[in-house]
2 protein chains.
Amino acid sequence: MHPARTLLALSLLATAPAFAGTGLDAGDIAAAEGLRERAMRGSEAWNVVESLTTEVGPRMAGTPADAKAVQWAKARMQAMGFDKVYLEPVSFPVWLRHHERAEVLAPYPQPLVVTALGGSVGTGDAPIEAEVVAFANLDALKAAPEGSLEGKIAVITNRMVRFKDGRGYSPAVGARSNGAVEAARKGAIAILIRSIGTSSDRFAHTGAMRYVADVPRIPAAALSNPDADLIEHMVARGKPVRLRLDIGAEMRASYTSHNVIGEIRGRELPGEVVTIGGHLDSWDLGTGAIDDGAGIGITFAAGALIGQLERAPRRTVRVIAYANEEQGLYGGKAYAEARAAAGEIDDHQLGAESDFGAGRIYALRAGVDPAAWPVIEQIGQVLAPLGITTERGGSPGPDVGPIVAKGAPWAQLAQDGIDYFDYHHTANDTLDKIDPRALDQQVAAYAVLAYLAAESEVDFGSLPVKKEN
Amino acid sequence: MHPARTLLALSLLATAPAFAGTGLDAGDIAAAEGLRERAMRGSEAWNVVESLTTEVGPRMAGTPADAKAVQWAKARMQAMGFDKVYLEPVSFPVWLRHHERAEVLAPYPQPLVVTALGGSVGTGDAPIEAEVVAFANLDALKAAPEGSLEGKIAVITNRMVRFKDGRGYSPAVGARSNGAVEAARKGAIAILIRSIGTSSDRFAHTGAMRYVADVPRIPAAALSNPDADLIEHMVARGKPVRLRLDIGAEMRASYTSHNVIGEIRGRELPGEVVTIGGHLDSWDLGTGAIDDGAGIGITFAAGALIGQLERAPRRTVRVIAYANEEQGLYGGKAYAEARAAAGEIDDHQLGAESDFGAGRIYALRAGVDPAAWPVIEQIGQVLAPLGITTERGGSPGPDVGPIVAKGAPWAQLAQDGIDYFDYHHTANDTLDKIDPRALDQQVAAYAVLAYLAAESEVDFGSLPVKKEN
């Protein structure tokens, strides 16, 4: 830009009502910019994830490592200077994986890489040995004649498509969630699905599945992508393909874990809260670095940065490490129900969750009262130098969903998840997959978002109450 | 180029002694170019690898799948039209992997991904539980004081460096080959190494290791790269790190497998042979697609293409599927010894092997009599449109090494192995890692090389006999 024009632009900026409708002033923006720059110079997020993955590792809900993770999170928040750190109970049934093996018996014997789906029953006293019937997708299985899978192992081979925003997941994941029920309705005695994931590395992806009343509960497992290819190549040769499947798994009675909550107390409106967080639990196969150690690291670090300011924001910033997201959003539901029971839903000014890996943030979206949109746009201006655009649309994170369903407003910092489903729910979800610099960018974004939303006095409003998921 | 200059160049070409010293004429070059173009339009190589990986799968030397692979190779060569297909015996001791498990017991309990190294003993009746002593590399372990590893598990964490030509392997692999001996000399009761591989995916890489007389045989296994990181992170915290290691493995008495050999009989000099090939065995973890299903597919397809010519080349083209390369070049050694015993070393005009994965070929190199170099350069001219340069230097493939050590000349078609060590010796060595178009380029190159070397009457000479590896 020509220097004279620069001066003109600057003077226009200075005279415009820059912060109209935001409840924010130049000092607030400067403070937010300071948080952003401090985070970008190097945040604590990677150290937090390193600590969680090294000292706790896999932390499936209801296992001894779950309790260890809760103590770790509490101690870490205290060490990071949160004003108040406390636990809230979250109860759920416990599923345990004991062993899982599969192999082709005929016509081309060789081992297969599989993993049991979360919630699956085991194969019982003896492994299942049966012939395979393969389907291109769940709809094809549903269209199979009644009884046509009697005594068979159903295989579904639909392939998840890779997108930056992960939108290939939802159309693919039905095979995992509902495949066992649909296969059992046709008489199948087990089901194998192609992993709901995008990499062709030989990792099987786990994840939750469900049964329904009055339909037999059959074992359900995922094949790695190369193993699903292998079954397809065998089936294409036209001879019956026989497999052996051996799964040991168990459902146990209820366990009580905890949401771990740390607060930076608001200086003027401590009863009004802005929440950020991630989920503390992981699946058991990997160390849960990207799902969701990253979310824990990012939001702990962002909250701690705000806590280091000389002057706390007006509202309270609450960082939540949710319990058992993976097996049914138990932490998010318990949090929302507790708030509803205490009549505190209206105190929730904005909620956001980081649960889409460790890729950089590229968009800010929000579900707020239209009157509060100028605040979102103002926050977006501070985020813009991070390569973040402000957009309409979007959706809250999974654990924020339950309180949003009760009327609370939300924000979303959308991440680049192009490789998220390469690692998600596999043994390969480990620390090395995380770029520390990308984490810093996310800490910067969460710190700016939480700080400005908490500093503003604008009411983010309540949303029409939706039917709970 | 200006049209007039093109004409000038063509006329110069026509009058120049284009093929001086090569024993080849324009018709031979045209035939080679025809082979090249046919391969590039789509070869059989991928179908061969698909068949081998689907119908046989992992085929570790001495297992039932080894015998199955031999029958598969024989039948496949016959079906592909080789003039003569025969087996030659190859004997070796058999190593079997039964199970392998490792976990951190303290101070941060969590499971580890490991795989036993080929040839390792098991941990015996009970798992080994001991404290770790970590070393940055094999030299650091060698420098440890005598007895300092008494009762300990040694861990070596050196990291293989990625290069297109795989030259990071050799300086890194000593930890795998010799780590157990060096650790046992210091009193260690087991050894774990960082996988000799380049990917950070959570696969442990197996591969051969060795013991020596008078040093205790201790179990040896590789950690995946993320698991080696994990141990480093734990050790860095300063508390003793205790592991449990449980390996079941067994060495059995000798087994006799076979080199499988197919020939396109030479029309004038059938006793003179040009050999190409790959190794038929694989490790047991993956399906052996890139190591070395690719080499089998490429050279079977190249040989078959030559066999489809109306007129066979002057010399015999021999395609060799070597037995048990992985555990000590047994197939290559047996082949060389049988030729030496029969006085046939001098009949070997050129030998080449494809055993570096499925990446494209970028260089032709050779070890031949200087008088035969014009033939190599002429072959290089036909290969140039494939993106292949002709260079000095290089080395023969592993199974060609033993006959080269007895004086036979060799050629090398160097492949881009930038990702070879991502998959090599892991469960992730599967068909999906292969680009069929890249295989076609390699079939084109092997067909041209084998055809022109067999069509030329020039003697590729003998090399100074080297001490056998």
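# Exercises on a two-chain contact

**Exercise 1.** List the residues that Asp201(A) touches, leaving out those up to four places away in sequence, and decide whether Asp201(A) is buried or exposed.

*Solution.* Once residues up to four places away in sequence are set aside, Asp201(A) touches Ser224(A) and Pro226(A), together with Asp201(B), Phe203(B), Tyr423(B), Asn428(B) and Lys433(B), where contact means heavy atoms within 4.5 Å. The model is a predicted one, in which local features need pLDDT of at least 70 and side-chain atom pairs count only at pLDDT 80 or more, whereas totals for chains, interfaces and linings use all residues. Residues are numbered from 1 along each chain as its sequence is written, chains are lettered from A and ligands numbered from 1 in the order in which they are written, and side-chain values use heavy atoms, with hydrogens and water left out.

Next, locate the residue: Asp201(A) lies in the loop between β6 (190-194) and β7 (220-223) of chain A, helices (H or I, at least four residues) and strands (E, at least two) being DSSP runs numbered from the N terminus. Its contact Pro226(A) is 25 residues away along the chain, and the two C-alpha atoms are separated by 7.1 Å. Finally, Asp201(A) counts as buried because its relative accessibility is 13%, given that buried means under 20% relative accessible area, exposed over 50%, and partly exposed in between (1.4 Å probe, protein chains only).

**Exercise 2.** Describe the interface between chain B and chain A by its residues, its area and its polar pairs.

*Solution.* Begin with the residues: 35 residues of chain B are in contact with 35 residues of chain A. The area buried between the two chains is about 2300 Å², with 49% of this coming from carbon and sulfur atoms; buried area is the accessible area (1.4 Å probe) that two parts lose on being put together, summed over both. Of the area that chain B buries against chain A, Thr54(B), Arg202(B) and Arg237(B) supply 24%, more than any other three residues.

Then turn to the polar pairs, for which the count between the chains is 22 residue pairs in polar contact, both residues at pLDDT 80 or more. A polar contact is a pair of N or O atoms within 3.5 Å; within protein, one must be able to donate a hydrogen and the other to accept it, and residues adjacent in sequence count only if both atoms are side-chain atoms. On the side of chain B that touches chain A, α3 (45-56), β2 (110-112) and α8 (225-236) each supply at least two residues, and α3(B) gives the most, with 7 residues.

**Exercise 3.** Find where the partners of the salt bridge between Glu50(A) and Arg237(B) lie, and state how buried or exposed Glu50(A) and Arg237(B) are.

*Solution.* The side chains of Glu50(A) and Arg237(B) meet in a salt bridge at 2.7 Å, N to O, the criterion being a side-chain nitrogen of Lys or Arg within 4 Å of a carboxyl oxygen of Asp or Glu. The pair crosses between chains, from Glu50(A) in helix α3 (residues 45-55) of chain A to Arg237(B) in the loop between α8 and β8 (242-264) of chain B. Glu50(A), at 9% relative accessibility, counts as buried, whereas Arg237(B), with a relative accessible area of 26%, is partly exposed. As context, there are 4 salt bridges between chain B and chain A, and a search of the whole structure finds 66 over all chains.

**Exercise 4.** Compare the span of α8(B) with the expected one, and identify the buried residues of α8(B).

*Solution.* The expected span of a helix is 1.5 Å times one less than its number of residues. For the 12 residues of α8(B) this gives 16 Å, which agrees with the 17 Å between its end C-alpha atoms. The buried residues of α8(B) are Asn225(B), Pro226(B), Asp227(B), Ala228(B), Asp229(B), Leu230(B), Ile231(B) and Met234(B). After the helix comes Gly238(B), whose phi is positive, near 95 degrees.

**Exercise 5.** Place Gly277(B) in chain B and list its contacts, not counting residues up to four places away in sequence.

*Solution.* Gly277(B) is found in strand β9 (residues 269-279) of chain B, and at 0% relative accessibility Gly277(B) counts as buried. With residues up to four places away in sequence not counted, Gly277(B) touches Gly295(B), Thr299(B), Ile320(B), Ala352(B), Glu353(B) and Ser354(B). As a distance check, Gly277(B) and Ala321(B) are 44 residues apart in sequence and 5.7 Å apart in space, C-alpha to C-alpha.
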